[in-house]
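Student: Please take a close look at a single part of this model, namely the residues that are shielded from solvent and what surrounds them. I should like one connected account, with the reasoning stated where a classification depends on a cut-off.

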Amino acid sequence: LFPVIDREGRIKPAILAIIEEALSANVEEIGVIIQSADRGIFEDFLHTPPGIENFNKLSRANQEYSQYILELGSRVTFITQDIQDGFGHAVFRAREWVNGEPFLLLLGDHLYESDGESACARQLMDVYERCNTSVVGLKVSPAEDIRHFGVVAGIWEREDFILTATEIAEKPELEYAREKLQVDGLPENHYLTLFGQYILKPQIFDYLEENISHNIRERGEFQLTSCIDRLRREDGLAGCLIKGKAFDIGNPEAYLR
């Protein structure tokens, strides 16, 4: 719910920018994973029209924008995660809602900015439609940053932006990355890291369920990256080098940018 200013100069909560990013990829429905205690805030913003007395005070442009928000909200379902038990656990909460279909996953604390005409999520969708396999967005990161990200190794397949993934490691040690996670064509001491956008096939939920039911944790939580690596081994995984930037707005510097 952090306020951000978009390219048109309009102030909005980050979640709205993330929903708009998802819609740019032509998804049909959106699930937002929240805590039960926060439902009222989200319902008020996305599902509840302003009172008529307030609506009438808005300019014509803002009345239209109010209707636009409600139209977006009609495509949003709220999914609750009351115990924050890791990224993988949060994603697992959407299993029933996803209902056995491939799904686009975006992070709730990231903003995405394309460097071209095609939105970042749309770039990912294009690769999914070409490859018909799960896809992770990628970016190039210097060695000193990889302790913050999942790192992907693989073989370039097409035009140096589509990769067949051969390994994913969550926040690896630099020594391991130098030995196992180098990718041809990158600058020295740079690696491919996760961008924060994914298109995943629904069997990911089977792997998450197995970890949760057997209490298999990493760094005390149920993680997603190891399950994506299993998906890679059993069904294949493509990487898409995104032409754009991702901003982790939990980081003050990135939020400012």
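Tutor: A residue is termed buried when its relative accessible area is under 20%, and exposed when that value is over 50%. The model under discussion is predicted. Leucine 46 has a relative accessible area of 0%, and 0% is under 20%, so leucine 46 counts as buried. Leucine 46 belongs to helix α2, which covers residues 39–46. Apart from neighbours within four places in sequence, its contacts are Ile19, Ile69, Leu70, Gly73, Val76 and Phe78. Glutamate 117 stands elsewhere: 71 residues separate it from leucine 46 in sequence, and the C-alpha to C-alpha distance is 27 Å.

The account can now pass to the nonpolar interior. The largest nonpolar core comprises 78 residues, and Leu104, Ile204 and Ile228 have the most contacts inside it. When residues up to four places away in sequence are not counted, leucine 104 touches Ala22, Ala25, Val27, Ala121, Leu124, Tyr198 and Ile199. Ile228, another of those three core residues, lies in helix α10 (residues 225–235), where Thr225, Cys227, Ile228, Asp229, Leu231 and Arg232 are buried. The buried residues of α10 pack against strands and a helix: β7 (134–142), β9 (162–170), β10 (190–200), β11 (237–241) and α9 (204–213). Just after α10 comes glycine 236, with a positive phi of about 90°.

A charged residue also falls under the cut-off. The relative accessible area of lysine 12 is 6%, and a value under 20% means buried, so lysine 12 is placed in that class. Lysine 12 sits in strand β2 (residues 11–13). Its side chain makes a polar contact of 2.9 Å with the side chain of aspartate 6. Beyond four places in sequence, lysine 12 touches Phe2, Pro3, Val4, Asp6, Ala17, Glu20 and Tyr65.

Asp6 and Ala17 lead from lysine 12, which touches both, to the second largest pocket. About 720 Å³ of space lies in that pocket. Its lining has 27 residues, and the closest to its centre are Asp6, Arg7, Ala17, Tyr112 and Glu113. Two or more lining residues come from each of β1 (3–5), α1 (14–23), β6 (110–114) and α11 (252–256). Classed by type, the lining contains 14 nonpolar, 4 polar and 9 charged residues.

Three loop residues provide a contrast in accessibility. Asparagine 99, in the loop between α6 (95–98) and β5 (103–106), has a relative accessibility of 58% and is therefore exposed, the cut-off being over 50%. Its phi is near 60°, a positive value in a residue other than glycine. Asparagine 215 occupies the loop between α9 and α10, and although it is not a glycine, its phi is positive as well, at about 55°. At 47% relative accessibility, asparagine 215 falls between the two cut-offs and so counts as partly exposed. Arginine 147, in the loop between β7 and β8 (150–158), is exposed because its relative accessible area, 56%, is over 50%. Arginine 147 and alanine 90 are 57 residues apart in sequence, with 22 Å between their C-alpha atoms.

Definitions and conventions:
Residues are numbered from 1 along each chain as its sequence is written. This is a predicted model: local features need pLDDT of at least 70, side-chain atom pairs count only at pLDDT 80 or more; totals for chains, interfaces and linings use all residues. Side-chain values use heavy atoms; hydrogens and water are left out. Helices (H or I, at least four residues) and strands (E, at least two) are DSSP runs, numbered from the N terminus. Buried means under 20% relative accessible area, exposed over 50%, partly exposed in between (1.4 Å probe, protein chains only). A polar contact is a pair of N or O atoms within 3.5 Å; within protein, one must be able to donate a hydrogen and the other to accept it, and residues adjacent in sequence count only if both atoms are side-chain atoms. Contact means heavy atoms within 4.5 Å. On a 1 Å grid over the protein atoms alone, a cavity is a set of points where a 1.4 Å probe fits but cannot get out, and a pocket is an open set with protein on both sides within 12 Å along at least five of seven lines; lining residues have an atom within 4 Å of a point. Grid points are joined across faces, edges and corners, and a volume is the space filled by probe spheres set on the points. Ala, Val, Leu, Ile, Met, Phe, Trp, Tyr, Cys and Pro count as nonpolar, Asp, Glu, Lys and Arg as charged, and the others, Gly among them, as polar. A nonpolar core is a set of buried Ala, Val, Leu, Ile, Met, Phe, Trp, Tyr and Cys residues joined through side-chain atoms within 4.5 Å.
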